[in-house]
Amino acid sequence: MPRPWNVFVEGDNLDVLSRLGAGSVDLITIDPPYNTGNGFAYTDRWGRHEAWLAMMRPRLVAAREVLRETGAIFVSIDDHEVAHLRLLMDEVYGERNFLAQVVVNLNPKGRQLGGGFATSHEYLLVYARDAAQCVLDATTTETVDPADFPLTADDGRRYRHLPLRNTNKKFNPATARTLHFAVHGDPASGRVSTAPFTGSVEVLPVFGDGSPAVWRWSRPRIDERPGDLVCRVVAGRLGERVDVFQKDWLSPDRRKKLRTIWLAEEIGSTDTAVAELKALVGQVFESPKPTGLTRRILQTMPDDVTVLDFFAGSGTTGHAVALANAEDGGRRTCLSVNSAEPTRPGSHAHRAGLLTVADITRARLRAVAETVGGGFREATRAPGWDA
Ligand SMILES: C[S@@+](CC[C@H](N)C(=O)[O-])C[C@H]1O[C@@H](n2cnc3c(N)ncnc32)[C@H](O)[C@@H]1O
């Protein structure tokens, strides 16, 4: 029987991690306790940081062991521990495997409690197990903006003009000699060729100040794709001149690099997250993450990854995995782990009979299986996530 999309193990994550197979997971995404000062039995700041790091270090070391060579880990964190966590991640995963420190705008209005600034973001620290082998692709089709492609061809396809000239000053006739040559173009018809033709003028690549530049395309490439080039008259700093542009097409599979600031309007906010959880099991967890955040993380990896969240809380990661599979037909599977941390007497969760956080995780993943699909299983030992 295939593994269900969602599997849950109740227990201390260090214990569960030690039982998972080496290299058995492609993607780890975790949201550990943020050390806001309540959970740790130290009154001074340094003692608190030390205690938090002592809790995290062995878990991050064990997490690295279970991560496949091609895998990556995303860790959510806020200002309390981001500096300490970054150094700890450098130590455990290696500075060379650092991929990004993403700013996640989860509270767009900003925190109004207390003094000082209205904090409106947290972070995601992203590391590869081995940057050289990592399959993470930090591009997406989602943030491609059709408005960036203002021109329309006769057949309706949208495009924009990019200078054929290399605008990076590092590339010039001294560093890229073979890319400095004359092309021939006719600004009236737009036609471009490497050979002169009736009505053509000679065009040399130049920077705005008139100094010699180079093209981005070689001669053979220009000969192969003349339909993707256009010759135009442009107004430059030194007056009008004739230049050559590439027609850069907006295709449906066009991708764009993900920026390192993720806005609430793109991925959801803490308010969205509370509403998502409420719709499935009630208002039973204080600071869940929005599924949009995890779905964006999932988009950076292949659609059949094995995901692990060993600080699962309300089960957002498992929910996002099911939503992503349902949407794109992927075959991702997710192992969620949470301890049987008691819920606060009098809280919504406790009154709903969810006496531990593990009960909350289970309740949500069960509801996800019912509403989104993909099945749910509870495992006890976890090595192969039981059968
Ligand atoms: C910040 S919450 C995660 C919230 C989650 N991202 C969500 O969207 O609901 C951290 C969770 O880690 C759990 N936790 C803390 N220490 C743990 C441990 N040693 N083993 C397993 N779970 C633990 C807590 O019970 C808590 O639910």
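How many nonpolar, polar and charged residues does the shell around the ligand have? I looked there to begin with and found 7 nonpolar, 6 polar and 4 charged residues. My classes: Ala, Val, Leu, Ile, Met, Phe, Trp, Tyr, Cys and Pro are nonpolar, Asp, Glu, Lys and Arg charged, and the others, Gly among them, polar.

A note on the source: this is a predicted model, where local features need pLDDT of at least 70, side-chain atom pairs count only at pLDDT 80 or more, and totals for chains, interfaces and linings use all residues. Numbering runs from 1 along each chain as its sequence is written.

Next I listed the ligand's neighbours (C-beta atom, placed from the backbone, within 6 Å). There are 17 residues around the ligand, and the closest are Asp 31, Phe 311, Gly 313, Ser 314 and Thr 316.

Then I turned to helix 6, residues 270-280. Helices here are DSSP runs of H or I, at least four residues, numbered from the N terminus. I found Ala 273, Glu 276 and Leu 277 buried in helix 6, meaning 20 or more other C-beta atoms, placed from the backbone, within 10 Å of their own. These residues sit on the same side of helix 6 because they cover an arc of only 95° around the axis, taken from the directions from the helix axis to the C-beta atoms. Their packing partners are helix 7 (291-299), helix 8 (316-328) and helix 10 (357-371). Just after helix 6, I noted a positive phi of about 110° at Gly 282.

Last, the overall extent: I read spans of about 85 × 50 × 40 Å for the C-alpha trace along its principal axes.

Definitions and conventions
A residue is buried if 20 or more other C-beta atoms lie within 10 Å of its own, exposed if 12 or fewer, and partly exposed in between; C-beta atoms are placed from the backbone. Helices (H or I, at least four residues) and strands (E, at least two) are DSSP runs, numbered from the N terminus. Two residues are in contact if their C-beta atoms, placed from the backbone, lie within 7 Å.
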